[in-house]
Amino acid sequence: MTGAGTKVHLTREHGLALLAQMLRIRRFEERCAELYTQEKIRGFLHLYIGEEAVATGVMETLTPEDRIVATYREHGHALARGISMNAVMAEMYGKAAGCSRGRGGSMHLFDRETNFYGGNAIVGGGLPMAVGLALADRMQDRAALTCCFFGEGAAAEGEFHESMNLAALWKLPVLFVCENNLYAMGTRLDLSEAETDIAAKARGYAMPAEAVDGMDVVAVEAAARRLGTEIREGGGPRFLECRTYRFRAHSMFDPQLYRTKEEVEAWTERDPIARLRAWLEEVRYLHAGDLDRIEAETADEVEAAVAFAEAAEWEPVEDLMTDVGAEART
Amino acid sequence: MSVTTYREAVRAAIREAMQKDERVFLMGEDVGHYGGCYAVSKGLLEEFGPERIRDTPLSESAFTGAGIAAAMAGMRPIVEVMTVNFSLLALDQIMNTAATIRHMSGGQFRCPVVIRMATGAGRQLAAQHSHSLEGWYAHIPGIRVLAPATLEDARGMLWTALDDPDPVLIFENALLYNMEGELADDAGAVDIDRAAIRREGHDITLLTYGGSLGKTLAAAEQLEGDGISAEVIDLRTLRPLDEGTILASVARTRRAIVVDEGWRTGSLAAEVSARIMEGAFWELDAPVGRVCSAEVPIPYAQHLEAAAIPQVPGIVAAARAAMGR
């Protein structure tokens, strides 16, 4: 269970933690899909199912001081970063107890406590933000790095080019993590990109870049840790392309006419959760009862989050205009 | 009092802000080694070094977005965008991030960034360097929009803007950079909430801002010769509008003309006019008039360009028409 060339000593404890984290994300989102069909959750809902290894593996390597910039498919990032499931679920409902007080919804999860800067629904829009956060850290001599998640679709945006150039030019502490799930909404990579090797694009900005099997959480973690160390040592930005796949549609409105069942099935066989589980069994890290215990704990957490969100208060309509700007000066 | 220019006043404001606060830095195209597109930042690189007078590539979206995020992470950036036309390349970051992040994050994040840019026509730079789009920005909740028209405001608005917890956009009319006048040696921060009465009068209120203030004051002088006493209001802050000052003046004079270098359709002038209608309709003795730019991309040829934007005779004519003369 390692990517080529990486050596990771994986303890039983750590292996189980990775498994549990990926399962948390998956079970949470499966429940969200149900709640969506029940119209408890509205708006756009972009599920991360199939891609859990990326957020889980990368987030393992970050410190509390590091900053996270994510996309509209960010439930996995938010949960893996440590935003409480209650706060995330309440945000899905649009409740005041949500992590964005009901003003952001599924696509705009924010959390100051964990340095989680969203939740950006403009493809590529988070890239300049990562550059600026890293610039501020560098200018203030902080040790933090900024980890910026984005899809391969963002590589077609001008902001990708501008941000890669600026980060590399100024040698800023940014870990760019491209979640290449092969489809920009419903458009296949080779129909949207002249150069389909995304890591190669990054190298065009004199930035060390590599690609990793994004369905292998250990390989993702190993690569992110190594690149993160290089960044922290002052090496400037690094680029990690994680080759992954979303098992579900782009959003709940997507009939998925653009890809075949066979393709989805072929990728499903590489399910990152099943793979890690199989490996943990093979090396006898997964003991009898472990999986049942993890599943039961996860189910409890998810149901508790649903109950929390159901019971939570709506933000009063009188507060509609709050947080547009600072309170008016007198 | 010393004689200074608008350009020098802006530069002095930047220098003072950088001396007072380590977190302040200037970032933009050609601000450093070249000395500033409009020579505003000339000499600052030597004084503060390349970390704080930061030349950027021609990539408005990335460096504006970087400034916005740097502000979110504790810095106080001044982002210089060469002209408002180029700011459209950064509109995603200004609109979708700077203006929304406080609300969308439930109040957890805020970005005290200041974004300065040149605006306006009159230098024969043709359509892609001459437009006045500050009215568009004034449409957006979550940002503050300033238009310094005087030396005092050029000197004083920046510091107040840097103190503001929210994003502030400052529009400097490019024709004003050479404007020369007396400025108090101890000139400092000014408020950025209120409009100013630049000339008192009792027959009609002329409302304007930025590059049209001088023309409007000149028109008021002419009107005085015709026996018409015009009050001139400098809006100063285009968002949020100081409705109190506007309506109080119109209540006194009972007539109003709005002078705006933006296009008439959907303009800031339209907004000001509508506010007067909503708030002072029963005080009016004449319909609110407007003097705006012609609905044309600003042309290159000098006579055409001059004809496209508000000028003194047009302002005088509009005021006379409102007076029934």
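Leaving aside its neighbours within four places in sequence, which residues is B:Tyr6 in contact with? The legends below start with that view, and please keep in mind that this is a predicted model.

**Figure 1. B:Tyr6 and its surroundings in chain B.** Let us begin with B:Tyr6, which sits in helix 1 (residues 6-20) of chain B. Its contacts beyond four places in sequence are B:Pro148, B:Ala149, B:Thr150, B:Leu151, B:Ala154, B:Glu172, B:Asn173, B:Leu176, B:Tyr177 and B:Met179. Take B:Tyr177 from that list: 171 residues separate B:Tyr6 and B:Tyr177 in sequence, yet their C-alpha atoms are 4.9 Å apart in space. Is B:Tyr6 buried or exposed? Its relative accessibility is 0%, and buried means under 20%, so B:Tyr6 counts as buried.

**Figure 2. The largest nonpolar core.** This core holds 89 residues, and those with the most contacts inside it are A:Phe150, A:Phe176, A:Phe239, B:Leu235 and B:Ile276. Look for helix 5 (residues 126-139) of chain A, which gives the core its largest share, 9 residues. Apart from this core lies another, of 56 residues, with A:Cys99, A:Phe149, A:Tyr183 and A:Phe247 among them.

**Figure 3. A closer look at A:Phe150.** When neighbours within four places in sequence are left aside, A:Phe150 is in contact with A:Thr71, A:Leu127, A:Phe160, A:Met164, A:Phe176, A:Val177, A:Cys178, A:Glu179 and A:Phe239. You have met two of these partners before: A:Phe176 and A:Phe239 are, like A:Phe150, among the residues with the most contacts inside the largest nonpolar core.

**Figure 4. Two cis peptide bonds, one in chain A and one in chain B.** In chain A, the bond from A:Gly118 to A:Gly119 is cis, with omega near 25 degrees. Here A:Gly119 belongs to strand 2 (residues 116-120). In chain B, B:Arg239 and B:Pro240 are joined by a cis peptide bond whose omega is about -5 degrees. You can find B:Pro240 in the loop between strand 12 (237-239) and helix 10 (243-253).

**Figure 5. Positive phi at A:Glu39 and A:Met185.** Although A:Glu39 is not a glycine, its phi is positive, at about 65 degrees. It lies in the loop between helix 1 (12-37) and helix 2 (52-59) of chain A. Is A:Glu39 buried or exposed? With a relative accessible area of 51%, A:Glu39 is exposed. A:Met185, also a residue other than glycine, has a positive phi near 50 degrees. Its place is the loop between strand 5 (183-184) and strand 6 (187-188) of chain A. A:Met185 counts as exposed at 54% relative accessibility.

**Figure 6. Chain A as the setting for the close-ups.** Chain A contains 12 helices and 8 strands. Its radius of gyration is 19 Å, close to the 20 Å that the globule rule gives for 330 residues, so chain A is as compact as a globular protein of that length. Of its 330 residues, 58% count as buried. Among contacts in chain A with a separation of 6 or more, 75% come from residues 24 or more positions apart.

**Figure 7. Chain B as the setting for the close-ups.** Here you can trace 13 helices and 14 strands. The radius of gyration of chain B is 19 Å, close to the 20 Å from the globule rule for 325 residues, so chain B is as compact as a globular protein of that length. Buried residues make up 63% of the 325 in chain B.

Definitions and conventions. Residues are numbered from 1 along each chain as its sequence is written. Chains are lettered from A and ligands numbered from 1 in the order in which they are written. This is a predicted model: local features need pLDDT of at least 70, side-chain atom pairs count only at pLDDT 80 or more; totals for chains, interfaces and linings use all residues. Side-chain values use heavy atoms; hydrogens and water are left out. A nonpolar core is a set of buried Ala, Val, Leu, Ile, Met, Phe, Trp, Tyr and Cys residues joined through side-chain atoms within 4.5 Å. Buried means under 20% relative accessible area, exposed over 50%, partly exposed in between (1.4 Å probe, protein chains only). Helices (H or I, at least four residues) and strands (E, at least two) are DSSP runs, numbered from the N terminus. Contact means heavy atoms within 4.5 Å. The radius of gyration is taken over C-alpha atoms; the globule rule is 2.2 Å times the number of residues to the power 0.38.
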